[in-house]
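Thank you all for making time this morning. I would like to walk you through one protein, beginning in the middle of its sheet and working outwards, so please keep the structure in view as I talk.

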Amino acid sequence: PNPYTPQYGWPRNRVSGVVGVHTAENNTCFNGPDTGDVDVASFISRRTDYGSYHVLVDADSVNPLVHPSWAAWADTTNNAHGMSVSAAVRANDWLAMAPDRRRQVVINLAYGAADLVKTAVRDGLLGSPTPARRITASEAISGSRAGFYGHGETNPGTRYDPGKDFDWNLFLSTYEAAIGGNGIIPVGNITPTKRNLIPGVVGVEY
């Protein structure tokens, strides 16, 4: 917990199924073990202004930070009802990353989104899984249609993440496969499982 500025709040009994996709705009880690998630989580834990996510990922980690029953401070337009996932990279660095590393970050972001949505369904916050589709900024702001949007779409002029080079096709197809395809996942007692993300590195779901 951040001793200076709370990074989550507003307990929620329901969420809209709107999921924002972000980049944390930290220094991208291009080689070796990816420390991006640790760096960003450490910053969030001590920052003196607001800014957090439900899930944070990098090339070798998927980390839940805030349970979906609480609002995270990710997007001022829909914090009350939306959910958020963020990659610990800069939005302008996607094409500067090695292809395999870039692909792994996007895949982990999709896994993180799937874990977040599974948790929301399991815990009665969401009636059915968020479909693997893009939605408009107005839909994201109002919460009128469940789906995914980029942070820059709801905050044009001040935000541009996840960036023009973000691989939405890979993200959405991986997410859809992770929730079971066709927007259907088992609901009930979802037990924590471990998934190999990069050889030799293990990430843990909710």
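Let me begin with strand S2 (18-23), which pairs with strand S6 (83-87) in the parallel sense over 5 bridges. When I say that two strands pair, I mean that DSSP finds at least two bridges between them, and when I say helix or strand, I mean a DSSP run, H or I over at least four residues for helices and E over at least two for strands, numbered from the N terminus. Within this pairing, Val19 stands opposite Met83 in S6.

Before going further, I should say that this is a predicted model, in which local features need pLDDT of at least 70 and side-chain atom pairs count only at pLDDT 80 or more, while totals for chains, interfaces and linings use all residues. Residues are numbered from 1 along each chain as its sequence is written, and side-chain values use heavy atoms, with hydrogens and water left out. The mean pLDDT, which is the predictor's confidence in each residue on a scale from 0 to 100, is 90 for the protein, and 87% of its residues reach 70 or more. I would be cautious about residues 183-206, where pLDDT stays under 50.

Returning to S2, 4 bridges join this strand to S7 (residues 147-150), and the two run parallel. Val18 stands opposite Gly147 in S7, and Val19 stands opposite Phe148 in S7.

How is S2 placed with respect to the rest of the structure: enclosed or open? As 6 of the 6 residues of S2 are buried, the strand is largely enclosed by the rest of the structure; buried here means under 20% relative accessible area, exposed means over 50%, and partly exposed lies in between, with a 1.4 Å probe and protein chains only. In a regular strand the side chains alternate between the two faces of the sheet. In S2, Val18, Gly20 and His22 are on one side and Val19, Val21 and Thr23 on the other, and both faces are covered. S7 can be read in a similar way, with Gly147 and Tyr149 pointing one way, Phe148 and Gly150 the other way, and all of them buried.

Stepping back to the sheet, 5 strands form an open sheet with mixed pairing, in the order S4-S3-S6-S2-S7. S4 and S7 are the edge strands, each pairing on one side only, and the twist averages 20° from one strand to the next. Helix H2 (99-122) packs on this sheet, touching S2, S3, S4, S6 and S7, and its direction makes about 160° with that of S6; angles run from 0 to 180 degrees between N-to-C directions, with axes fitted as lines to C-alpha atoms, for helices over the stretch in contact. Helix H5 (168-178) lies across S2 and S7, running at about 155° to S7.

Now to the interior. A nonpolar core is a set of buried Ala, Val, Leu, Ile, Met, Phe, Trp, Tyr and Cys residues joined through side-chain atoms within 4.5 Å, and in the largest one, which has 35 residues, Phe148 and Phe171 touch the most other members. The elements giving two or more residues to this core are S2, S3, S6, H2 and H5, and H2 gives the most, with 11 residues. Leaving aside residues up to four places away in sequence, Phe171 touches Val21, Val106, Leu109, Ala110, Ala113, Phe148 and Phe166. There is also a second, separate core of 6 residues, which includes Ile44, Leu56, Ala74 and Ala88.

Ile44 brings us to helix H1 (residues 36-46), whose buried residues are Gly36, Asp37, Val40 and Ile44. These cover an arc of only 95° around the axis, taken from the directions to the C-beta atoms, which puts them on the same side of H1. They pack against strand S3 (55-57) and strand S4 (62-64), contact meaning heavy atoms within 4.5 Å. Phe43, also found in H1, is partly exposed, with a relative accessible area of 38%.

To finish with the protein as a whole, there are 5 helices and 9 strands, and buried residues make up 54% of the 206 residues.
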